[in-house]
Amino acid sequence: MQPLSVNEYLRQHIRTVPDWPAPGVQFRDITPLLQDPKVFRVLIDAFVHRYMDKALRPDVVAGLDARGFILGAVVAYELNVGFVPIRKKGKLPFTTVEETYELEYGSATVELHTDAVKAGDRVLLIDDLIATGGTMMAGRRLLEKLGATVTEGAAIVDLPELGGSQRLRESGLPLYTLVDFAGH
């Protein structure tokens, strides 16, 4: 029997919940990846080993609200770099910059503390999943407003049919994802 690749191993631990949050949606639930300590370590190590490479090593990891916090904080810790949260509007107590982006139905706003990064910082932007790409694009714009450079966007799951990863790449943002799922 052939050993599984890291990507296939992780795929086996992502739960698909049909018809949630709406009929016809195949929700990709990453919580099983976090529940099993061995699987969680494999997941985090997949990111850490990539970003230990000197050419890809960030100065800071930025995580998108909310599951990007789980991944980003642990990856930053393992890389011995700082972590900054990009939060939904109204959740940060200090001076912020904000960016509004479009959702399928309406819009949302994310914020970042004005002292979260310095001009010239190399930032890894991380989230759990790329769907339409709106949240990651908004996070990138926030970091760039403060003079940082987003060197790469990273996520566990890509839903390529929703077009987000293509839009992000076309904007010039390199992406690293571990598992692609057809359908949404």
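## Strand pairing

In this predicted model, strands S3 and S4 run parallel to each other and pair over 5 bridges. Within that pairing, Val61 sits opposite Phe83 of S4. To get from S3 to S4, the chain passes through H4, giving a β-α-β crossover that is right-handed.

S4 also has an antiparallel partner: strand S6 (residues 106–113) pairs with S4 over 2 bridges. If you would like a residue to look for here, take Arg87, whose bridge partner in S6 is Glu111.

## The loops around H4

Both ends of H4 are worth a look. Ahead of the helix, Ala66 belongs to the loop between strand S3 (60–64) and helix H4 (67–79). The peptide bond that joins Asp65 to Ala66 is cis, with an omega of about 5°.

On the other side, Asn80 falls in the loop between H4 and strand S4 (82–88). Asn80 is not a glycine, yet its phi is positive, at about 60°. Asn80 is also exposed, its relative accessible area being 70%.

## The loop between S1 and S2

Another loop holds several backbone and ring details. Asp19 is located in the loop between S1 and S2, and this non-glycine residue has a positive phi near 60°. With a relative accessible area of 47%, Asp19 is partly exposed.

Pro21 lies in that loop as well, between strand S1 (15–18) and strand S2 (26–29). The bond leading into Pro21 from Trp20 is a cis peptide bond with omega near 5°.

## Aromatic pairs

The structure has 4 aromatic pairs. One of them joins Trp20 and Phe27 in an edge-to-face arrangement, with 4.9 Å between the centres and 85° between the planes. Trp20 is partly exposed at 48% relative accessibility, and Phe27 is partly exposed too, with a relative accessible area of 24%. For Phe27, the comparison to keep in mind is the 20% cut-off, under which a residue would count as buried.

Phe47 and Tyr176 make another edge-to-face pair, at 6.0 Å centre to centre and with 80° between the planes. This pair links distant parts of the chain, as Phe47 is in helix H3 (residues 37–51) and Tyr176 is in strand S9 (residues 175–180), 129 residues apart. Both Phe47 and Tyr176 are buried. Ring pairs also bring in Tyr51, forming a cluster of Phe47, Tyr51 and Tyr176.

## Arginines over rings

Tyr176 has a further contact: Arg50 lies over the face of its ring, 4.1 Å from the ring centre. A similar kind of contact involves Arg11, which lies over the face of Phe181 at 4.8 Å from the ring centre.

## Salt bridges

Side chains of opposite charge can pair when their charged atoms come close. The structure contains 11 salt bridges. In one of these, the side chains of Arg67 and Asp128 meet at 2.5 Å, N to O. Arg67 is in helix H4 and Asp128 is in strand S7 (residues 122–130), so this salt bridge ties together parts that are 61 residues apart in sequence. Arg67 is partly exposed at 38% relative accessibility, whereas Asp128 is buried at 7%.

Arg141 and Glu99 form another salt bridge, with an N to O distance of 2.7 Å. Here Arg141 comes from helix H5 (residues 134–145) and Glu99 from strand S5 (residues 96–103), so the pair ties together parts that are 42 residues apart in sequence. Arg141 is partly exposed, with a relative accessible area of 31%, while Glu99 is buried at 13% relative accessibility.

## A further pair and a network

Asp121 and Lys118 also form a salt bridge, and their closest N and O atoms are 3.6 Å apart. Asp121 is buried, with a relative accessible area of 8%, but Lys118 is exposed, with a relative accessible area of 58%. Elsewhere, salt bridges with shared partners join Lys89, Glu98 and Glu111 into one network. Glu111 has already appeared in this report, as the bridge partner of Arg87 in S6.

Notes: Residues numbered from 1 in each chain as written. Heavy atoms only, no water. Helix = DSSP H or I, 4+ residues; strand = E, 2+ residues; numbered from the N terminus. Buried < 20%, exposed > 50% of the residue type's maximum accessible area, 1.4 Å probe, protein only. Phe/Tyr/Trp six-rings, centres within 6.5 Å; stacked < 30°, edge-to-face > 60°. Lys NZ or Arg CZ within 6 Å of the ring centre and 35° of its normal. Pairing = 2+ DSSP bridges. Right-handed = clockwise from strand over helix to strand, strands pointing away. Salt bridge = Lys/Arg side-chain N within 4 Å of Asp/Glu carboxyl O.
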